[in-house]
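I opened my notebook for this one and went through the chain piece by piece. Here is what I looked up, in the order I looked.

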Amino acid sequence: MTADVVPLIPGVPVLDFDSVPMGVDRGRGWAVVREAGPVVKMGDFYYVTRREDVVDALRRPELFSSKKAFDILGSPIPLVPISFDPPDHTRYRKILQPFFSPRTLGAMLPSLQQQIEDLIDDLAAAGECEAVSGIAEPYPSQVFLTLFGLPVADRDRLMVWKDAVIALADSPNLEGVDLTPALELFTYLNETIAARRKDPGEDILSQLITGEEALNDQDAIGLSFLFVLAGLDTVTASIGFALHELARDPELRRSLVADPERIPEFVEEVVRLEPPAPVLPRVTTAEVTIGGVTLPPDTFVRLCLGSANREEGLVATPDDVLLDGVAHRHWGFGGGPHRCLGSHLARMELKLVVTEWLRRVPEFELAPGTEPRIPFPANTFSLQSLPLRYPVTAEEA
Ligand code: HEM
């Protein structure tokens with residue numbers, strides 16, 4: 001589909017992506033989008049910008065369908081559970097939910113702790129690093145492998161497959177696209193599932209495919225693919241944003257070094273301010289009116305979580321990290337039935353990274369002359385690189 005064939009709904013303002021200053025400043029970027037109107041057309045999609053409308057749409061899957069939004073992507077494997085609407089979706093969530101509770105995930109904590117210590121030890125001794133490729137990318141892939149009981153040595157090939165599969169999901173058609181990496185990932189996951197069926201372990205995958213409400217092979221593959229698509233780049237992005245915020249705000253950094261108990265609150269603020277999946281796809285199933293604009297059935301909308309989180313009215317300083325001991329409401333992990341299944345895992349990873357980084361590298365700064373930015377438009381908002389500099393302490397030297 002191209003912009004030319006998506007008709008303009010009367011009364012809807014149109015914005016060029018180029019006119020939205022999102023690259024270096026999401027505060028300004030989202031303000032421009034929100035101030036343009038409650039529904040704004042950019043590219044092929046209608047963006048729903050205001051908090052009240054975004055939250056309402058998240059809670060009404062019968063009117064804002066995820067299934068229709070994912071069907072158009074034409075994935076040969078239905079992504080479980082994100083590409084289903086209730087009641088099918090409800091059934092999957094009931095099965096999956098217990099495996100992602102903080103209690104269940106706690107069993108992996110010692111291993112994840114050790115892995116982040118090892119990654120940071122190497123970087124701390126160098127006095128400088130590019131934090132996206134150094135920590136933010138490798139760590140979530142290691143976590144995925146640990147969760148599935150797979151060897152951490154498979155990390156680098158998982159990262160290559162992941163990039164290829166995401167590029168595939170983003171390409172409008174498969175013409176000329178090399179499908180080899182996606183097939184390799186499919187084979188890898190398929191073989192893992194077969195091996196776990198024969199010889200189940202303690203890992204989450206083994207638990208999901210055995211027992212009373214076991215997932216069949218197709219659902220297990222769909223879920224595994226979704227983990228790769230939803231659970232790696234999102235955490236990578238959040239690690240990048242968290243370290244960026246700390247690098248440019250010495251006062252904030254020192255307050256967390258002095259009082260690490262506040263790190264979970266900081267992590268939550270990072271996800272509020274810089275949600276890595278800030279625009280969620282939905283398709284309307286019937287005529288619906290938003291802010292005075294009537295959208296016909298089958299309209300492709302994007303729900304702007306990034307805008308909702310920064311709208312006035314919930315937080316005293318909506319565009320800045322605010323640690324005031326109060327949990328600020330946000331929709332960085334979505335809302336309604338599709339609310340992120342991996343939010344506890346994501347929080348655990350982010351807390352581990354920030355805690356261990358600050359313990360070893362309490363003082364650091366952005367490499368001079370660098371201005372981290374995100375590509376825009378993009379499905380995932382993420383810094384492309386984050387060069388950091390810091391003194392090497394005697395312990396690390
Ligand atoms: C900071 C990191 C993360 C953020 C900000 C995030 C954000 C989101 C959001 C906004 C949604 C809702 C999508 C929608 O409604 O269409 C979602 C769904 C989902 N996320 Fe996450 N996510 C993160 C990490 C993870 C991780 C680590 C996993 C892996 C376990 C994961 C697994 C999922 C799954 C399976 C869904 C689909 C849930 C459903 O459809 O019921 N996410 N995530």
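I began at a strand pair: Val39 stands opposite Val48 in S2. The model is predicted, so I read every pairing here as computed from its coordinates. Strand S1 is joined to S2 by 4 bridges, and the two run antiparallel.

Next I followed Val48 to its other side. Its bridge partner in S8 is Leu303. S2 (residues 45–48) and S8 run parallel and are joined by 3 bridges.

Then I asked myself which strand pairs with S8 through 5 bridges. I found S5 (residues 279–284), which runs antiparallel to S8. Within that pairing I noted Pro281, whose bridge partner in S8 is Arg302.

I put the pairs together into one sheet. It is open, has 5 strands in the order S1-S2-S8-S5-S3, and its pairing is mixed. S1 (39–42) and S3 (64–65) stand at the edges; each has a single partner strand, so one side of each has no neighbour in the sheet.

I looked for what lies against this sheet and found helix H2 (residues 51–58), which packs on it and touches S2, S3, S5 and S8. The direction of H2 makes about 115° with that of S8.

I also checked how covered S8 (residues 300–304) is. Of its 5 residues, 4 are buried, so I wrote it down as mostly covered. A reminder to myself: side chains in a regular strand alternate between the two faces of the sheet.

On to the ligand. Which residues come nearest to it? Of the 25 around it, I listed Gly231, Gly334, His338, Cys340 and Gly342. The elements giving two or more residues to this shell are H12 (217–231), H13 (233–248) and H17 (343–360). H12 gives the largest share, 4 residues. By class I counted 16 nonpolar, 8 polar and 1 charged residues in the shell.

Last, I stepped back to the whole chain. I tallied 17 helices and 10 strands. The C-alpha trace spans about 65 × 55 × 45 Å along its principal axes. How does the radius of gyration compare with that of a compact globule? For 397 residues such a globule would have one near 21 Å, and the chain has 21 Å, which agrees.

Two more notes to finish the page. Of the 397 residues, 40% count as buried. Among contacts with a separation of 6 or more, 70% are between residues 24 or more positions apart.

Conventions. Residues are numbered from 1 along each chain as its sequence is written. This is a predicted model: local features need pLDDT of at least 70, side-chain atom pairs count only at pLDDT 80 or more; totals for chains, interfaces and linings use all residues. A residue is near a molecule or strand if its C-beta atom, placed from the backbone, lies within 6 Å of it. Ala, Val, Leu, Ile, Met, Phe, Trp, Tyr, Cys and Pro count as nonpolar, Asp, Glu, Lys and Arg as charged, and the others, Gly among them, as polar. The radius of gyration is taken over C-alpha atoms; the globule rule is 2.2 Å times the number of residues to the power 0.38. A residue is buried if 20 or more other C-beta atoms lie within 10 Å of its own, exposed if 12 or fewer, and partly exposed in between; C-beta atoms are placed from the backbone. Two residues are in contact if their C-beta atoms, placed from the backbone, lie within 7 Å. Two strands pair if DSSP finds at least two bridges between them. Axes are lines fitted to C-alpha atoms, for helices over the stretch in contact, and angles run from 0 to 180 degrees between N-to-C directions.
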